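Student: I'm new to this structure and would love a close look at one part of it. Could you walk me through it slowly?

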Amino acid sequence: MSGERTQSVIKRIIRQVGLECAAQGQSLSETLVAFMVKAVVLDPRNDFNMDRILTENDMQDLIQLCVARLLDTTNPSLSTIKMQVYFDMNYASRDELLSEQDRVLEGKLAPVVRAITESGPRVQEDTENAYQKIVTYVLLRSGLGSPTDIEAVREVTAALQSVFPQTEMVTFISLSKKDKEQRLKDLAMLVSGIRLYNKQCQKGGSGIDDLPDILNETILLAIRTLDEYLNSCKLLAHRYTALLESMEEDPHRHSQLSSLKLKEALFNVRQYEAFLCILQSNTITSAQEVESLNVQFEAAMMVLKNTVEGKTSIESKEVFPLFMELSKLRTSFQDEMLLLSFLTNMANNLQQFLEIQSQLFPEEMLISLLEGMTVKSDEERIKETIGTKVNVSDFKNQEWLSPETTDNFDQLLIQYHGFCAHSIGVKGITLPGNPAIGILKHKEKYYVFSSKEAAYLFAQDPDKFIQLNIETAKKYAELIQLLELHHQFEYLVPHAQARNASRGSLKPPPKCDSGTQTDTHILPPTIVRSYEWNEWELRRKAIKLANLRRKLTHSMQTDLSHMRRENFTQVYLPKDAGTQTKRDNSSNVPKPQIFLKGLRGGPSPTTHMVTVDLTRPLDET
């Protein structure tokens with residue numbers, strides 16, 4: 001089935017599935033529907049083969065299966081996929097979020113900036129209006145108060161006049177548009193720094209919140225909330241793991257619990273735990289950044305106080321950079337506040353995808369199922385394997401890594417999100433791997449295991465167990481992202497590369513028209529001009545060089561030449577001269593006049609020519 005035809009068929013199926021779900025009251029995003037279509041196609045139990053052309057009946061069957069799974073709200077697998085889609089579409093890294101915030105802020109300020117930079121006031125009233133717009137811009141950009149707060153506007157106006165009096169508006173108007181925009185940003189930072197300093201000196205600060213204290217409280221609350229969420233989901237994961245292990249050991253328990261969707265529920269809480277760990281890591285990074293900013297802010301404020309106190313006047317080049325540094329630190333505080341708010345909202349919104357747990361497995365039901373069983377936590381499982389290591393000498397053709405012999409051991413990229421590579425395909429459960437047992441390096445990838453026995457079994461035939469894990473992921477499509485298996489399904493999951501290879505993505509890849517132009521000769525020419533293919537020409541050159549070897553250049557001086565010197569002679573050029581001779585005279589002579597008669601002939605055959613000389617005599621002239 002060609003790629004274009006396949007994509008066309010898939011788009012048609014996605015559209016049809018979305019319409020049928022909407023008809024039954026479920027409005028689903030196209031991304032979620034697309035993922036579900038590919039999940040159904042991947043599941044070998046549905047017997048879809050993408051190597052052949054799908055018939056109309058095949059497409060109808062695929063549509064019905066997708067609709068059924070999307071409407072099955074009692075399946076934890078659907079909640080997990082929805083959670084993955086939500087996180088993938090809404091989560092942004094620190095740099096992405098701050099960049100987006102800057103873009104939004106510039107968009108909000110664009111009308112004000114345009115009104116200031118493009119206007120050319122000619123009268124005093126227009127100049128005052130433009131100055132008031134600058135005050136509004138400074139307030140909006142700094143975020144230190146509202147333009148509707150009269151006291152804040154009064155403080156900003158006073159601070160602005162101290163660094164940019166209204167008389168300088170004439171100079172400001174003459175600047176180019178780009179220089180005006182940069183000048184506005186500098187003024188906003190200066191005024192913000194002045195207001196922060198005044199607040200510290202208790203001389204103002206209307207509308208300025210005490211962000212450091214607010215951030216400290218917010219961080220503590222966010223960390224406490226994330227810890228509570230993590231502890232609750234880890235407890236569920238440990239309970240589900242214990243139940244699944246009991247099914248493997250006791251056939252009676254297997255028949256009793258097989259109807260329950262324990263595996264899907266386990267994958268749900270494991271995915272939720274993975275996302276919470278990402279948010280927790282970002283929160284800890286933000287807390288460290290806030291702690292560093294507090295130290296920098298206090299130091300900058302102390303330097304500014306020492307510079308300003310006790311002086312009636314001070315040069316702008318000395319104090320302005322200090323005010324701007326305060327403004328930058330305040331902006332960093334605001335960025336951290338935005339990040340923490342985003343992380344808290346993400347954590348709260350993820351809770352909705354865990355609600356199905358309490359519906360399928362109420363607390364009373366879990367307690368009764370776990371009666372008489374020992375529930376082990378991930379930490380307890382790892383402690384049980386402390387001191388247990390793989391004997392490297394037992395494997396001649398396998399490479400094992402250990403903390404004692406490997407540099408940067410903790411930075412190795414472990415496959416399957418750090419879960420045991422053996423238990424996923426064999427037991428269908430996610431057990432935490434213990435790197436201290438030994439990390440198997442197979443085909444440039446690294447695998448960890450929950451026990452020494454699991455490591456030995458996997459090492460006997462790694463490719464077999466890797467394929468088992470892939471087959472398990474086909475049955476439970478949510479494992480593709482949980483276990484980071486996108487590279488295994490790139491041929492069917494093109495959305496996997498859209499955002500970040502480290503966590504995968506479900507967004508379609510961005511497309512754009514582009515063109516490239518290459519130089520005619522990218523590399524410098526490598527033609528050897530002295531190359532000769534003719535053997536005789538090479539011989540001729542060799543003979544010439546051989547003869548040249550025996551040639552010498554000689555120079556000598558003779559007795560007549562060694563004492564010679566350069567001589568110069570100066571002569572006088574001939575002068576212009578003229579002479580006068582006798583006077584000119586002339587004479588006039590008669591003009592000869594001679595005529596010939598009879599040249600035309602006559603009646604006789606013989607021509608008789610007569611010469612007539614009519615020249616005047618000389619004496620008559």
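Student: At roughly what angle do the axes of helix α5 and helix α13 cross, and within what distance do they come?

Tutor: Happy to take you there. Please keep in mind that this is a predicted model. Helix α5 covers residues 94-117 and helix α13 covers residues 316-350; their axes cross at roughly 115 degrees and come within 11 Å. Angles from 65 to 115 degrees count as roughly perpendicular, and α5 and α13 are therefore roughly perpendicular to each other. The crossing in which α5 passes α13 is right-handed.

Now let's see which residues meet there. On the α5 side you will find Arg94, Leu97, Leu98 and Gln101, and they meet Asp335, Glu336, Leu338, Leu339 and Phe342 of α13. Sorted by class, this contact of α5 with α13 holds five nonpolar residues, three charged ones and one polar one.

Two other places involve residues numbered in or just after the α13 stretch, and they are worth a visit. One starts from Leu211, which is found in helix α10, residues 211-249. Setting aside residues up to four places away in sequence, Leu211 touches Arg330, Phe333, Gln334 and Met337. Take Phe333 from that list: Leu211 and Phe333 are 122 residues apart along the chain, yet their C-alpha atoms are separated by 6.7 Å. Is Leu211 buried or exposed? Buried means under 20% relative accessible area, and Leu211 has 8%, so it is buried.

The other starts from Tyr86, in helix α4, which runs over residues 76-90. Apart from neighbours within four places in sequence, Tyr86 is in contact with Tyr91, Met346, Asn349, Leu350 and Phe353. With Phe353 the distance along the chain is 267 residues, while the C-alpha atoms of Tyr86 and Phe353 are separated by 9.7 Å. Tyr86 has a relative accessible area of 18%, so this residue is buried too.

Since we have arrived at α4, let's look at another helix it packs against. Helix α12, residues 262-308, packs with α4 at an angle of about 20 degrees, and the two axes are 8 Å apart. That angle makes α4 roughly parallel to α12. The crossing of α4 and α12 is left-handed, whereas α5 passes α13 in a right-handed one.

The list of residues here is a long read, so take it one helix at a time. From α4 come Pro76, Ser77, Ser79, Thr80, Met83, Gln84 and Phe87; in α12 they meet Glu264, Ala265, Phe267, Asn268, Gln271, Tyr272, Phe275, Ile278 and Leu279. By class, the contact of α4 with α12 has nine nonpolar residues, six polar ones and one charged one.

For another perpendicular pair, move further along the chain to helix α18, residues 452-460, and helix α19, residues 462-475. The axes of α18 and α19 come within 5 Å and cross at roughly 100 degrees. That makes α18 roughly perpendicular to α19. Leu457, Phe458, Ala459 and Gln460 of α18 make the contact with Pro462, Phe465 and Ile466 of α19. These residues divide into six nonpolar, one polar and no charged.

Two loop residues are also worth pointing out. Tyr416 lies in the loop between β1 (399-401) and α17 (423-426). Its phi is positive, about 60 degrees, although Tyr416 is not a glycine. At 3% relative accessibility, Tyr416 counts as buried. Glu444 lies in the loop between β2 (439-442) and β3 (445-447). Here too phi is positive, about 65 degrees, although Glu444 is not a glycine. Glu444, however, is exposed, with a relative accessible area of 63%.

Finally, let's step back to the whole chain. The protein chain has 21 helices and five strands. Of its 621 residues, 38% count as buried, Tyr86, Leu211 and Tyr416 among them. Looking at contacts with a separation of 6 or more, 72% come from residues 24 or more positions apart. The pairing of Leu211 with Phe333, 122 residues apart along the chain, gives you one example to look up. As for the outside, the accessible surface of the protein chain comes to about 39,000 Å², and 51% of that belongs to carbon and sulfur atoms.

Definitions and conventions. Residues are numbered from 1 along each chain as its sequence is written. This is a predicted model: local features need pLDDT of at least 70, side-chain atom pairs count only at pLDDT 80 or more; totals for chains, interfaces and linings use all residues. Side-chain values use heavy atoms; hydrogens and water are left out. Axes are lines fitted to C-alpha atoms, for helices over the stretch in contact, and angles run from 0 to 180 degrees between N-to-C directions. Helices (H or I, at least four residues) and strands (E, at least two) are DSSP runs, numbered from the N terminus. Angles under 35 degrees count as roughly parallel, over 145 as roughly antiparallel, 65 to 115 as roughly perpendicular and the rest as oblique. A crossing is left-handed if the near helix is turned anticlockwise from the far one by less than a right angle, and right-handed if clockwise. Contact means heavy atoms within 4.5 Å. Ala, Val, Leu, Ile, Met, Phe, Trp, Tyr, Cys and Pro count as nonpolar, Asp, Glu, Lys and Arg as charged, and the others, Gly among them, as polar. Buried means under 20% relative accessible area, exposed over 50%, partly exposed in between (1.4 Å probe, protein chains only). Accessible areas come from the Shrake-Rupley method with a 1.4 Å probe; for residues, only the protein chains shown count as cover.
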